[in-house]
Amino acid sequence: MIGRGFVDDALAALQRYAPAKTPLVLAAAGINPRALQQPDFKLDAAHYSRLWLAIAEEIQCEFFRFGQRPMPPGSFAMLCHAALSSDNLEHAIRRSLRFFTLLIGEPRGELIQRDGLAVIVLREVSPARPAFAYRTFFLILYGVLCWLVKRRLPIHDIAFRGVPPVDRPDYLDFFSTKVRFFSQETSLAFDPALLSLKIHRSKTALRQFLAQAPANILLRYRYDRGSASAIHKLLRETPPANWPGFAQAAQHLHISEPTLRRHLRADGMSYSSLKEELRRQYALSWLQETNKSVGLIAAELGYTEPSAFHRAFKKWTGTSPADYRRKL
């Protein structure tokens with residue numbers, strides 16, 4: 001689900017450039033204006049996607065007018081077509097960043113290597129943009145890159161220029177990575193070994209991807225098929241405290257353990273990483289949306305000791321469950 005804050009951030013662009021179109025945009029996105037008045041208002045990815053597309057059409061920019069120049073509707077599709085013929089991930093990143101620069105001018109993305117990491121840096125001569133601008137830039141780029149190589153790309157570090165938005169803990173995290181603010185430059189760093197990953201997508205697959213965009217990039221790399229999808233479905237349908245072991249999961253899918261392990265590795269993940277990701281999602285959701293105690297959440301997530309949950313949660317967010325809830 002997309003929180004109220006990100007909905008407001010998107011609508012703010014519309015208010016700046018075409019405020020009179022707000023009722024039409026909300027209707028196109030299937031959003032009841034009265035629902036926006038609710039403090040716990042949220043949107044699923046599909047409705048947020050419609051909102052994004054409707055706003056882009058009205059203000060003639062898919063990047064919410066955060067660039068030096070507008071990014072006209074249809075640019076995202078052309079970006080994907082440009083990146084599709086790349087030889088590997090490095091080539092796709094450089095080509096995508098070049099495409100962005102030609103369209104919007106600034107921020108100007110550059111791929112460099114430093115301190116043993118591959119780093120995408122956003123160069124700017126203007127004052128720092130809102131955090132929503134940087135988040136949107138990386139959301140678009142990261143979503144396309146993960147889809148191109150059929151796997152989620154672990155992020156080592158992410159930093160934004162400027163200050164964090166007030167009372168918005170949702171900005172302190174980007175795809176399971178803690179965001180650093182007050183940085184001199186906006187950047188996203190990852191393992192340089194990933195740069196050699198080959199591109200494995202066809203034009204037919206691209207048509208399917210674009211038909212579901214941008215909803216699919218809001219969900220990181222989608223488990224759209226294969227063993228990862230089957231495991232994800234199995235875990236979703238089972239309470240975390242009752243999740244099967246790896247051998248049981250393989251048996252449930254009628255596949256051998258070595259084959260299942262090989263399939264997951266090909267998608268850049270493991271059984272343990274899938275479980276950890278879902279535990280994290282459940283933990284954040286339950287802390288935000290329920291009154292369950294931290295101890296009960298730990299037990300329902302399958303942790304035998306609350307201290308183990310505390311350690312895991314601090315690794316995910318940099319804070320304790322209680323502190324996270326207090327900030328909310």
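Helices, of at least four residues, and strands, of at least two, are taken here as DSSP runs numbered from the N terminus. By that reckoning the chain, which is seen here as a predicted model, comes to 15 helices and 8 strands. Its radius of gyration is 20 Å, close to the 20 Å that the globule rule gives for 328 residues, so the chain is as compact as a globular protein of that length.

The table gathers some values for the whole chain.

| Property of the chain | Value |
|---|---|
| Span of the C-alpha trace along its principal axes | about 55 × 45 × 40 Å |
| Residues that count as buried | 52% of 328 residues |
| Exposed area | about 15900 Å² |
| Share of the exposed area supplied by carbon and sulfur atoms | 53% |

Among the contacts with a separation of 6 or more, 65% join residues that stand 24 or more positions apart. As for charge, the chain carries 45 positive and 29 negative side chains, and the centres of these two sets lie 3 Å apart.

In soluble globular proteins, nonpolar side chains tend to be buried together. The largest nonpolar core of this chain holds 81 residues, of which Tyr48 and Leu51 touch the most other members. Helix α6, made up of residues 131-149, gives the most to this core, with 16 residues. When residues up to four places away in sequence are not counted, Leu51 touches Val7, Ala10, Leu11, Val25, Leu26, Ala29, Ile31 and Leu43. A second core, separate from the largest one, has 29 residues, including Leu274, Leu301, Tyr303 and Phe313.

Definitions and conventions. Residues are numbered from 1 along each chain as its sequence is written. This is a predicted model: local features need pLDDT of at least 70, side-chain atom pairs count only at pLDDT 80 or more; totals for chains, interfaces and linings use all residues. Side-chain values use heavy atoms; hydrogens and water are left out. The radius of gyration is taken over C-alpha atoms; the globule rule is 2.2 Å times the number of residues to the power 0.38. Buried means under 20% relative accessible area, exposed over 50%, partly exposed in between (1.4 Å probe, protein chains only). Contact means heavy atoms within 4.5 Å. Accessible areas come from the Shrake-Rupley method with a 1.4 Å probe; for residues, only the protein chains shown count as cover. Lys and Arg count as positive and Asp and Glu as negative; His and the chain ends are not counted. The place of a charge is taken as NZ of Lys, CZ of Arg, CG of Asp or CD of Glu. A nonpolar core is a set of buried Ala, Val, Leu, Ile, Met, Phe, Trp, Tyr and Cys residues joined through side-chain atoms within 4.5 Å.
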